[in-house]
Amino acid sequence: MTEDEIRQANLAVMQRYRTLLLAQRFDEWIELWADDGICEFPFAAGDGPKRLEGKAEILGYMTRFPSKFSIEGVDRLQIHQCLDPNTVIAELAIRGRASGTGKPYNQQYVVVAQLRDGKLAHYREYWNPLVSAEALA
């Protein structure tokens, strides 16, 4: 594959990632991950995990997310191509509500994803923990 073909295939994986996640189709979503995938949340506050390793940990965490927040939509998504065709950077803004409080959960994220053989190998998600805390309080 050429670098451009790899880049396009990886962008398609990230689009599918978003679609499956919003639809809460977690059994299909987790198949986008490498078995030894790593998911990191460098800005996680409190007792939230900062690092998840392997599909089982990642799936366990993400299937609990809907009990905290309901996502109503993605208002903005911008994908940035990188020199490394296996790296994707995305900026997105989501609109939703905290499930327990009903308060708005309008969050902005920056995601740095590294793919290997068409699967997510290392995923880092940056967001503002204050937005989460305000929605949950």
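The following paragraphs describe the sheet, the helices packed on it, the nonpolar core and two loop residues of a predicted model.

The sheet is open and consists of six strands in the order S2-S1-S6-S5-S4-S3, with mixed pairing. Strand S2 (51-53) and strand S3 (69-81) form its edges, each pairing on one side only. From one strand to the next, the twist averages 20°. Within the sheet, S4 and S5 are antiparallel partners joined over 11 bridges, and Ile89 stands opposite Val112 in S5.

Helix H3 packs on this sheet, where it touches S1 and S2, and its direction makes about 50° with that of S1. Helix H4 (residues 129-136) lies across S3, S4, S5 and S6 and runs at about 140° to S5.

The largest nonpolar core comprises 33 residues, of which Trp29, Trp33, Leu120 and Tyr123 touch the most other members. Two or more residues of this core come from each of helix H1 (3-22), helix H2 (26-29), strand S1 (33-40), helix H3 (54-64), strand S4 (87-98), strand S5 (104-116) and strand S6 (119-127). Beyond its neighbours within four places in sequence, Trp29 is in contact with Tyr17, Leu20, Leu21, Ile58 and Met62.

Two loop residues merit attention for their backbone geometry. Most residues other than glycine have a negative phi. Gln24, in the loop between H1 and H2, has a positive phi near 55°. Its relative accessible area is 43%, so Gln24 counts as partly exposed. Asp117, placed in the loop between S5 and S6, likewise has a positive phi, of about 55°, although it is not a glycine. With a relative accessible area of 75%, Asp117 is exposed, because the cut-off for that class is over 50%.

Key. Residues numbered from 1 in each chain as written. Predicted model: local features only at pLDDT ≥ 70, side-chain atom pairs only at ≥ 80, totals over all residues. Heavy atoms only, no water. Core = buried A, V, L, I, M, F, W, Y, C linked by side-chain atoms within 4.5 Å. Buried < 20%, exposed > 50% of the residue type's maximum accessible area, 1.4 Å probe, protein only. Helix = DSSP H or I, 4+ residues; strand = E, 2+ residues; numbered from the N terminus. Contact = heavy atoms within 4.5 Å. Pairing = 2+ DSSP bridges. Axes fitted to C-alpha atoms, helices over the stretch in contact; angles between N-to-C directions.
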